[in-house]
Every structure is written in structure tokens, then in C-alpha cells.
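Please look over the sequence and the structure below before reading on. The paragraphs that follow take up one part after another, beginning with a helix and what surrounds it.

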Amino acid sequence: MSVMGRVGRMRSSEAETKPELPLGRIIQGDCVAAMKHLPDACVDMVFADPPYNLQLGGDLFRPEGSRVDAVDDAWDKFDTFQAYDDFTRAWLAEARRILKPNGTLWVIGSYHNIFRVGAALQDAGYWILNDIIWRKSNPMPNFRGTRFTNAHETLIWASRSEDSRYTFNYRAMKALNDELQMRSDWVIPICAGAEREKQDGAKAHPTQKPEALLYRVLLASTKPGDVVLDPFFGTGTTGAVARRLGRAWIGIEREGRYIEVARARIQSTLPLDESAMRTMGARANQQKVPFGALVESGLIVPGAELTDSKRRWRAAVRADGTLEIAGTQGSIHKIGAGLQNAPSCNGWTFWHVEREGALVVLDTLRQDYLAALA
């Protein structure tokens with residue numbers, strides 16, 4: 001056999017033995033050990049919601065005497081800060097190894113842990129791109145009255161290295177925010193109501209994140225078909241939103257009770273559908289609502305068709321909150337103005353969506369959205 005033939009055979013053998021990614025699957029076990037079985041540079045994004053190491057002492061009660069359902073699970077407890085730091089460095093190292101050169105990491109935390117995680121990821125070679133403040137429009141009050149109400153969490157967005165050519169869908173984020181640049185402070189309600197996963201009438205997971213938060217994260221920094229890995233999968237918010245947006249996903253979760261909930265939840269989620277997304281949105285007391293918030297919350301489904309009151313024009317809604325008609329894309333206001341050859345247009349009153357055979361003006365849906373958050 002010729003040298004070239006042997007080389008070709010070796011390459012063929014290498015291709016045959018290359019491990020197949022467990023896409024659309026939840027791996028049960030420790031996240032560090034599970035990631036060690038994944039090949040180098042195999043995922044486009046890691047979204048991590050690690051234990052916060054809250055160091056809670058004793059029960060917390062509301063003024064009327066009811067007990068607060070706080071995070072007291074064993075998975076959130078570490079004996080020392082050193083033990084937590086060692087764990088953090090271990091999972092960050094594996095996450096960086098499996099990230100593609102242009103991949104990014106998102107990690108969310110509270111004041112209990114996010115500063116320690118931030119220092120560790122910089123030491124590991126990541127390059128911080130932004131810190132995002134998730135401001136909760138409906139935070140849990142401070143029942144003891146001893147501190148400020150803790151009304152936000154912090155997300156760190158980092159590329160694998162300083163030289164990474166990472167994905168940032170700037171136009172999509174601007175469109176989602178009614179043609180204004182998306183800022184680094186996001187006002188989104190905490191997970192509640194019908195979206196909150198339950199088992200036997202109680203919360204299935206104490207720190208379930210709202211799907212609107214993951215919708216924005218994935219839409220901002222991934223492309224359709226990208227592979228997203230969540231090493232702390234919980235009840236599957238990342239998987240549900242990834243499936244909805246046409247991204248591939250891999251989950252790692254240690255607790256079997258969460259995996260059971262996550263599997264059922266993701267199976268019931270349809271791509272670009274409104275299931276489980278009705279209750280989310282932006283700031284409850286803010287009258288100016290970007291059209292993208294209705295798309296994020298599921299009141300307007302990506303792919304839906306909008307029309308004017310006389311049904312002269314029909315435009316399709318895209319996942320980033322823009323409209324598309326005859327190959328032209330833009331905001332509800334820009335497209336409406338262009339169709340009428342007008343200098344401006346109020347897209348909220350110009351565009352309508354069909355509901356049960358009747359046209360409903362977008363402004364009605366905007367008011368419904370605000371009422372649901374009141």
C-alpha cells in the first residue's frame with residue numbers, strides 16, 4: 001500500500017472513532033467528569049448557572065409566619081470558600097477546553113459567588129466581554145428588613161480568549177429593543193406562574209431561570225444550528241429555549257429529579273412556538289414596550305403574519321422582532337413607514353394580527369402584556 005493510501009486509511013479510521021456529540025441529551029452526573037468525556041472544541045456556547053454557595057443559616061419566615069422556600073439543597077453547599085473555588089476552577093477549565101476557538105461562556109450568579117467566579121474565569125484565560133445586570137421586575141422582598149432588597153443577578157459574558165471572533169447578533173438585539181441599542185441592564189421578571197415547573201404542587205427547582213432571559217442570551221450570541229452546553233441543566237430552561245430557537249443543546253445534571261422534569265418539559269416545547277412563554281416580559285411599570293418583548297414572551301409567535309387594517313400588506317415576524325416583506329427587513333415602524341412612503345409610522349396601531357378570524361391591533365397585545373405584569 002502506498003504512503004498516501006496509508007494516510008487516507010488512518011484519516012478514515014480517525015473519523016470513524018471520533019466521538020459523537022450527545023446532542024439533545026441530558027447526561028446525568030458530575031459536570032466536570034461529564035465534560036471530560038467530550039472532545040476538544042466541540043460546542044459554540046456554554047451557559048452556566050452554577051451553585052451560588054448561598055451560605056444560608058436557619059429558616060427564613062415571612063411577616064405573617066409562612067416559611068420562605070429558599071435554596072437549602074445539598075448541591076448548593078460547600079464546606080469552605082476554597083472548596084467552592086476549586087470546584088469553580090475545575091468546571092471552568094473543562095468548559096474552556098470544549099469551547100470552540102470563537103465560542104463564548106455565559107455564567108450567572110449573585111453577590112454570593114459571581115465575583116469569585118469572575119476572577120477564576122479571568123485566571124483561566126477567558127476574556128470578559130460584558131457583565132449584564134438582570135434586574136428583576138418582581139423580586140422577593142427582604143423580609144427581615146436588615147438589608148436592601150436583592151433585586152438583581154449578574155451575568156458575565158466572556159469569549160474563550162481575547163482573540164476569539166465571537167458571535168454577537170447586534171442587529172437582532174437592536175431590533176428586539178425597538179431599534180435602540182440593547183443595554184447591559186435587562187429588566188425581566190423572575191420565573192413565576194404557569195412557567196414555574198412544579199412537582200407535587202411545590203417548586204421543582206428553587207432557582208429556575210425565566211425563559212425570556214435565556215431567549216435573549218441565545219438570540220444574542222448564537223446562530224441557528226450552534227451547539228449550546230449547560231453543565232448545570234436543572235429543569236431544562238436552556239434546552240427548552242434552544243429547541244425553540246433551533247439551536248442544538250447538551251445538558252449535564254446530577255440530580256435525577258430535575259432530569260425527569262427537564263425531559264418532559266423539553267419534549268413539550270415546540271420550535272419557535274409560544275408554549276410556556278406567555279407569562280414573561282420586561283419592566284411592568286414601563287409604558288414603552290419594545291415589540292421584541294412580545295416575541296420573547298410568546299404573545300407574537302415568530303413566523304406569524306401581520307397585516308394592516310385593510311389587509312393590503314402582509315409581513316412575517318422574525319425571531320429577533322423584525323418584520324420581513326418582499327425581502328426587506330426592519331422594525332414594525334420602519335416597515336410600516338416604507339410601505340406607505342411616509343416619513344414615520346406608529347407600528348403599534350398600523351399592524352394587526354389575526355385572532356379567531358378577527359384582526360387585533362398590536363397595541364391591544366401591548367396592553368395585555370403590561371396588564372399581565374401589573
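**From a covered helix to a hairpin**

The buried residues of helix α10 are covered by several elements, including α9 (291–297), β13 (323–325), β14 (328–330), α11 (347–350) and α12 (362–373). This is a predicted model, and within it helix α10, which spans residues 332–340, has Ile-332, Ile-335, Gly-336 and Ala-337 as its buried residues. In general, residues three or four places apart in an α-helix point the same way, because the helix has 3.6 residues a turn. Just after α10, Asn-341 takes a positive phi of about 55°.

One of the buried residues of the helix leads on to the nonpolar interior, since Ile-332 is among the residues that Phe-291 touches, as are Asp-178, Ile-300, Leu-306, Trp-348 and Leu-362, when residues up to four places away in sequence are not counted. Phe-291 and Ile-300 are the residues with the most contacts inside the largest nonpolar core, which has 59 residues. Helix α6, residues 211–221, supplies the largest share of this core, with 8 residues. A second core of 32 residues is separate from it, and includes Cys-42, Val-46, Leu-229 and Ala-248.

Aromatic rings offer another way through the model, for a search of the whole structure finds 11 aromatic pairs. In one of them, Trp-157 and Phe-168 are tilted towards each other, with 50° between the planes and 5.7 Å from centre to centre. Trp-157 belongs to strand β5 (residues 152–159), while Phe-168 lies in the loop between β5 and α5 (170–176), so the pair ties together parts that are 11 residues apart in sequence. The two partners can also be set side by side by their accessibility: Trp-157 is buried, with a relative accessible area of 4%, whereas Phe-168 is partly exposed, with a relative accessible area of 40%. Both belong to a cluster in which ring pairs also link Trp-106, Tyr-166, Tyr-170 and Trp-186.

Trp-186 has a charged neighbour as well, as the charged end of Arg-216 sits over its ring, 5.1 Å from the centre. A similar arrangement involves Trp-134, where Lys-136 lies over the face of the ring at 5.2 Å from its centre.

The last stop is a pair of strands, β15 (residues 352–355) and β16 (residues 358–361), which pair in the antiparallel sense over 4 bridges. Arg-355 stands opposite Ala-358 in β16. The two strands form a hairpin with 2 residues between them, and in the turn Glu-356 has a positive phi of about 55°.

Definitions and conventions
Residues are numbered from 1 along each chain as its sequence is written. This is a predicted model: local features need pLDDT of at least 70, side-chain atom pairs count only at pLDDT 80 or more; totals for chains, interfaces and linings use all residues. Side-chain values use heavy atoms; hydrogens and water are left out. Buried means under 20% relative accessible area, exposed over 50%, partly exposed in between (1.4 Å probe, protein chains only). Contact means heavy atoms within 4.5 Å. A nonpolar core is a set of buried Ala, Val, Leu, Ile, Met, Phe, Trp, Tyr and Cys residues joined through side-chain atoms within 4.5 Å. Rings of Phe, Tyr and Trp (its six-membered ring) pair if their centres lie within 6.5 Å; planes under 30 degrees apart count as stacked, over 60 as edge-to-face and the rest as tilted. A charge sits over a ring if NZ of Lys or CZ of Arg is within 6 Å of the ring centre and within 35 degrees of the ring normal. Two strands pair if DSSP finds at least two bridges between them.
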